Amino acid sequence: MNRLFISAAHKSSGKTTVCIGLCAALAARGEGVQPFKKGPDYIDPLWLGLAAGRPCYNLDAYLMGAEEIRAQVARRMHGATLGLIEGNKGLYDGLDLEGANSNAAMAALLGTPVVLVIDARGMTRGIAPLILGYQAFDPSIRIAGVILNQLGGSRHEAKLRAVIQHYTGVPVLGAVQHDERMAIAERHLGLVPSNEAQAARARVEEIAARVASQVDLEALLEVARSAGALAALGRPREGGDPVKPSTAQVSNFRNGVPAFAGTTGAPVRIGIARDAAFGFYYPGDLDALRAAGAELVDFSALQDSHLPKVDGVFIGGGFPETHMAALAANESLRRELHDAIEAGLPAYAECGGLMYLARGIEWNGRAAPMVGVLPADIVMHPRQVGRGYVHLRETGRGPWPRSPAPLIHAHEFHYSSVENLAPDVEFAYEVERGHGIDGRHDGIVHKNLLASYAHLRDVAGNPWARRFVDFVRSCKHAA
């Protein structure tokens, strides 16, 4: 299993753009590139998946156990010739004092050599102690090479190469010049999603051409070939084993009565809102929905005037605020969604989906009506309202609860808040860490709808996809 871990000295080093270029350039050479992204992220994986021609899967040590991460890599690498793992933030950054959830810990867990992307703007001789420090901080991490980024020209590159060779001996695998044509527009959540950017494929090809001409791809592949076999890896170092959620099978009860029968095996159709406004879906979660027996039916909240014939609906996150005029203009779909959910259609909405199902969105002095099935208004703010990992405890009032209620690890990232919420609203979750709706609750429950700011991951400790599909199946057979 040839593989690379692409990390950086610090955040905003241009690492993702370099990774996009590498995925596309290597795929163009005939490599079957399987991209992975460390941590909770929707936008970077959209670009990486587009560049590689294969879905990008997330590896999250906070939500997944060590063996689950290894199994994910081994399973998704089937049919690929190269695994490319992009880290988040800097190589040693992370929430844990001992670095248990850092990029370095992930690289060690997967026995994968690290290539460090360094934003070298304004640097000359000072790049040597930076590289030496990263090497010395944890000798168990193999920094197999560096890619210099944002260089000021050929003279700048020559100076840096001479310094690195003289003081460190670390191979320089590439030197990418500063080029405005490689930039991807950014927004408050990071890069503009590839499902939204016009001519995204052309932009990827342009980035790939520049990366291919400035990075030694053959030397990079030699580094990838030096990675050990996953099956031969030992346990992660002490203190580096991620959280291991329980995989125990539990029954689902509401007030002591089974909440749904879960008639296993009967097929169901679940509509997925996928367009420029809604695109935040984990490929692994979509795979889990299919594995549970769901046929996923895409529809556009922007362009489709009618809801397809489905047994349930899943509306993920995205940027409904930037498309609120077009969403509001699609009155027929808004009305059909409203009436279907009011009539009991099972539905699940995360973040942007929650915003869309509310009465309306207010942003930058403008307002637009939305579906109106949730008794609340959405207000956008210039600063983040909720960000990071969340801990949720189920209240038992959600449409597909578990009992006893486990602690759910998930994540949130939103600039909006829920205002004017009806006082009698029920919540599916108590928030033990994070913000959610009001700092104490998340998961608005209405009929057979669950709408929350939390983004769930279908992992061993929270197999939500099967629970939702079972609930949809149960509702279909009860109708």
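**Note on the predicted model**

1. In the hairpin formed by β25 and β26, 2 residues lie between the strands, and Lys 447 there adopts a positive phi near 55 degrees. The model under discussion is a predicted one. The two strands of this hairpin, β25 and β26 (residues 449–452), run antiparallel and are joined by 3 bridges. Within β26, Leu 450 is the bridge partner of Val 445.

2. Strand β25 (residues 441–446) is mostly covered, with 6 of its 6 residues buried. Strand β25 also pairs with β24 (residues 426–433), in the antiparallel sense and over 4 bridges. In that pairing, His 441 of β25 has Glu 430 opposite.

3. As to the chain as a whole, its secondary structure amounts to 13 helices and 26 strands. Of its 479 residues, 57% are buried. The accessible surface is about 19,100 Å², and carbon and sulfur atoms account for 51% of that area. When contacts between residues at least 6 apart in sequence are considered, 75% of them join residues at least 24 apart.

4. An open sheet is formed by 7 strands with parallel pairing, in the order β3-β2-β4-β1-β5-β6-β7. Its edge strands are β3 (57–59) and β7 (172–177), each of which pairs on one side only. From one strand to the next, the twist averages 25 degrees.

5. Within this sheet, β4 deserves separate comment. Strand β4 (residues 82–86) is largely enclosed by the rest of the structure, because 5 of its 5 residues are buried. The cover extends to both faces: Leu 82, Leu 84 and Glu 86 are buried on one side, and Gly 83 and Ile 85 are buried on the other.

6. The partners of β4 are β1 and β2. Strand β1 (residues 3–8) runs parallel to β4 and is joined to it by 4 bridges; Arg 3 has Gly 83 of β4 as its bridge partner. Strand β2 (residues 33–38) pairs with β4 over 5 bridges, again in the parallel sense, and Val 33 is placed opposite Leu 82.

7. Strand β2 is also joined to the edge strand β3, by 3 bridges and in a parallel arrangement. Here Phe 36 stands opposite Tyr 57 of β3.

8. Cys 19 belongs to helix α1 (residues 15–28). With a relative accessible area of 0%, Cys 19 is buried. Leaving aside residues up to four places away in sequence, Cys 19 touches Ile 6, Leu 48, Leu 84 and Glu 86. Two of these contacts, Leu 84 and Glu 86, are buried residues listed together on one side of β4. The C-alpha atom of Cys 19 is separated by 9.4 Å from that of Trp 47, although the two residues are 28 apart along the chain.

9. Helix α1 also meets helix α7 (residues 200–214): their axes come within 8 Å and cross at roughly 90 degrees. The crossing angle therefore makes α1 roughly perpendicular to α7. By class, this contact has 10 nonpolar residues, 2 polar residues and no charged residues. On the α1 side the participants are Thr 17, Val 18, Ile 20, Gly 21, Leu 22, Ala 24 and Ala 25, and they meet Val 204, Ile 207, Ala 208, Val 211 and Ala 212 of α7.

Definitions and conventions: Residues numbered from 1 in each chain as written. Predicted model: local features only at pLDDT ≥ 70, side-chain atom pairs only at ≥ 80, totals over all residues. Heavy atoms only, no water. Buried < 20%, exposed > 50% of the residue type's maximum accessible area, 1.4 Å probe, protein only. Contact = heavy atoms within 4.5 Å. Pairing = 2+ DSSP bridges. Axes fitted to C-alpha atoms, helices over the stretch in contact; angles between N-to-C directions. Parallel < 35°, antiparallel > 145°, perpendicular 65-115°, else oblique. Nonpolar A, V, L, I, M, F, W, Y, C, P; charged D, E, K, R; others polar. Areas by Shrake-Rupley, 256 points an atom, 1.4 Å probe, with all protein chains shown as cover.
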